[in-house]
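Thank you all for coming; I would like to walk through one model with you today, slowly enough that everyone can follow along on the screen. Please have the sequence and the structure open while I talk.

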Amino acid sequence: MYLGIDLGTSGVKAMLIDADQTVVGSASGREVETARLHAGWSEQDPADWIRATEEAIASLRAAHPAEFSAVRGIGLSGHMHGATLTDADDRVLRPCIMWNDTRSHKEAAALDADPRFRKITGNIVFPGFTAPKLAWVKNNEPDVFAKVRWVLLPKDYLRLWLTGEHLSEMSDSAGTSWLDTGARRWSAELLAATDLEERQMPGLVEGTEPAGMLRPELAAKWGLGEGVVVAGGAGDNAASACGMGTVREGAAFVSLGTSGVLFAANASYLPNPESAVHAFCHALPNTWHQMGVILSATDALNWHSRVTGASAADLTQELGEVLKAPSSVTFLPYLSGERTPHNDAAIRGALLGLGHESGRPVLTQAVLEGVSFALRDNLEALKSAGTRLSRVTAIGGGSRSRYWLKSIATALNLPVDLPADGDFGAAFGAARLGLIAATGANPTEVLTAPATAETIEPEAALTAAYEDAYQRYRRLYPAIRAAY
């Protein structure tokens with residue numbers, strides 16, 4: 001048996017699979033609270049991650065005691081970019097500064113102005129990345145900065161608790177702005193630029209490799225034997241890619257979660273930071289991936305739900321399943337800034353083209369289209385970085401809306417595949433990595449794609465109308481930005 005642990009933004013999910021990769025069961029812990037003390041701030045207490053993990057494990061053990069006792073490998077996944085700072089005794093020095101925290105936008109701009117960062121990492125230094133957060137801590141909390149012995153990413157803090165090891169892997173570390181992404185190693189030069197040393201970073205392994213053994217006291221507590229291997233694991237999107245089998249050149253998925261992701265696997269390193277595409281290491285050796293990221297996907301629909309007082313499901317059901325041509329109303333989904341392609345933490349969303357006739361369904365349609373067009377921006381950015389896609393697979397909570405999927409297929413002008421029933425997300429991908437690390441199995445033989453249940457084709461009759469609406473959408477960002 002193999003266990004996947006996925007540390008999400010709002011909670012922890014644990015999944016158990018057998019040697020044939022059949023899902024035996026899954027469980028979640030309590031919701032993890034996020035503190036927002038000031039505008040743009042987002043913090044979590046790492047102790048809450050451990051409590052949520054223990055609860056998820058306890059639930060999974062209770063439901064499947066015999067199967068759980070046979071666990072031989074564990075894989076980890078987690079939200080990326082978070083700055084978890086500990087001292088020489090592994091005590092947490094302050095709450096983790098999360099991926100969606102934008103307080104360090106000035107520090108990010110200063111680091112990004114240093115040409116070494118884009119050249120070595122292959123990426124813009126975004127405010128959400130880890131390096132500018134440490135620069136902010138140095139500038140604003142110097143007493144804390146002086147005590148930093150280890151800088152750990154969130155899932156790797158869980159690894160420390162599980163194994164006692166200070167280790168990370170390539171896919172997550174690529175989102176720090178300190179990794180030489182092509183060479184797959186820490187850059188002493190970039191660390192020095194933020195007054196840090198390589199000794200303060202965890203050791204690096206590939207996501208498919210062993211990265212510690214479960215501590216004997218935890219193994220005994222959970223009723224497990226000795227020698228349980230903990231895999232390197234992956235950042236959340238790379239772990240989802242492992243779950244979806246998106247590991248070969250040309251394979252891609254679109255994720256409609258809190259944020260939105262257009263993810264493409266690459267057999268070579270293809271950086272193009274000017275496009276604001278993320279070029280990161282994948283969880284497999286000698287494999288990379290490109291990623292366009294929008295900060296509000298289902299979050300945009302959830303905002304609309306809060307404003308209107310109707311559930312997200314009711315809002316989308318009002319539209320039916322027949323795709324409509326875009327109306328005069330355009331929604332810019334920049335509710336917390338935007339990454340790809342704008343790299344703009346200050347921009348905010350907008351509804352434009354409103355008229356007396358613009359009722360709730362029209363606004364819902366505009367919100368869904370706005371996210372679809374933001375993903376089209378990501379597709380264009382991937383093209384500029386040298387990646388051409390022929391189709392994508394849809395995952396995430398938003399993929400339950402057929403209307404939204406039809407909108408995305410038509411906006412991208414690409415077929416959208418829906419996987420057969422099953423959970424192929426980050427927890428499943430983490431469990432697969434745990435299997436590979438524990439058994440030495442060939443990663444490409446394990447990380448296969450699920451069967452396709454259905455393909456949603458672009459609506460040919462509406463592609464011209466969607467293209468016109470997209471071009472209008474593109475013209476609005478510079479106009480709104482100028483007003484700001």
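I will begin with the whole chain, then turn to one sheet, and after that to a few individual residues.

Please keep in mind throughout that what you see is a predicted model. The protein chain is built from 18 helices and 24 strands. Its radius of gyration is 22 Å, close to the 23 Å that the globule rule gives for 484 residues, so the chain is as compact as a globular protein of that length. If you lay the C-alpha trace along its principal axes, it spans about 65 × 50 × 40 Å. Of the 484 residues, 60% are buried, and if we consider contacts between residues at least 6 apart in sequence, 73% of them join residues at least 24 apart.

Let us now turn to a sheet. For those new to the topic, strands of a sheet pair through backbone hydrogen bonds, either parallel or antiparallel. The one I have chosen is an open sheet of 7 strands with mixed pairing, and its order reads β18-β19-β17-β16-β22-β23-β24. Which strands form the edges? They are β18, covering 278-281, and β24, covering 452-456, each of which pairs on one side only. From one strand to the next, the twist averages 30°.

Within this sheet, please find strand β16, residues 252-256, and strand β17, residues 260-266, which run antiparallel and are joined by 5 bridges. As one example of how the two strands line up, Ser255 has Val261 in β17 as its bridge partner.

That brings me to the aromatic rings, where a pair is described by the distance of the centres and the angle of the planes. A search of the whole structure finds 13 aromatic pairs. One of them is formed by Trp41 and Trp136, which meet edge-to-face, at 5.4 Å centre to centre and with 85° between the planes. Trp41 lies in the loop between β3 and β4, while Trp136 lies in helix α5, residues 130-140, so this pair ties together parts that are 95 residues apart in sequence. Both Trp41 and Trp136 are buried.

A second pair, Phe253 with Phe263, is stacked, with 4.9 Å centre to centre and 10° between the planes. Phe253 sits in strand β16 and Phe263 in strand β17, 10 residues apart, and both Phe253 and Phe263 are buried. There is also an aromatic cluster, made up of Phe373, Tyr466, Tyr470 and Tyr473.

Some rings have an arginine over the face as well. Arg103 lies over the face of Trp41, at 3.6 Å from the ring centre, and Arg184 lies over the face of Trp288, at 4.9 Å from the ring centre.

Finally, I would ask you to look at Leu16, which lies in strand β2, residues 12-17. Is Leu16 buried or exposed? Its relative accessible area is 0%, which is under the 20% cut-off, so Leu16 counts as buried. Leaving aside neighbours within four places in sequence, Leu16 is in contact with a number of residues, among them Met1, Val24, Leu60, His64 and Phe68. As for a residue distant in sequence, Arg432 is 416 residues away along the chain, yet the C-alpha atoms of Leu16 and Arg432 are separated by 9.9 Å.

Methods:
Residues are numbered from 1 along each chain as its sequence is written. This is a predicted model: local features need pLDDT of at least 70, side-chain atom pairs count only at pLDDT 80 or more; totals for chains, interfaces and linings use all residues. Side-chain values use heavy atoms; hydrogens and water are left out. Two strands pair if DSSP finds at least two bridges between them. Helices (H or I, at least four residues) and strands (E, at least two) are DSSP runs, numbered from the N terminus. Axes are lines fitted to C-alpha atoms, for helices over the stretch in contact, and angles run from 0 to 180 degrees between N-to-C directions. Buried means under 20% relative accessible area, exposed over 50%, partly exposed in between (1.4 Å probe, protein chains only). Contact means heavy atoms within 4.5 Å. Rings of Phe, Tyr and Trp (its six-membered ring) pair if their centres lie within 6.5 Å; planes under 30 degrees apart count as stacked, over 60 as edge-to-face and the rest as tilted. A charge sits over a ring if NZ of Lys or CZ of Arg is within 6 Å of the ring centre and within 35 degrees of the ring normal. The radius of gyration is taken over C-alpha atoms; the globule rule is 2.2 Å times the number of residues to the power 0.38.
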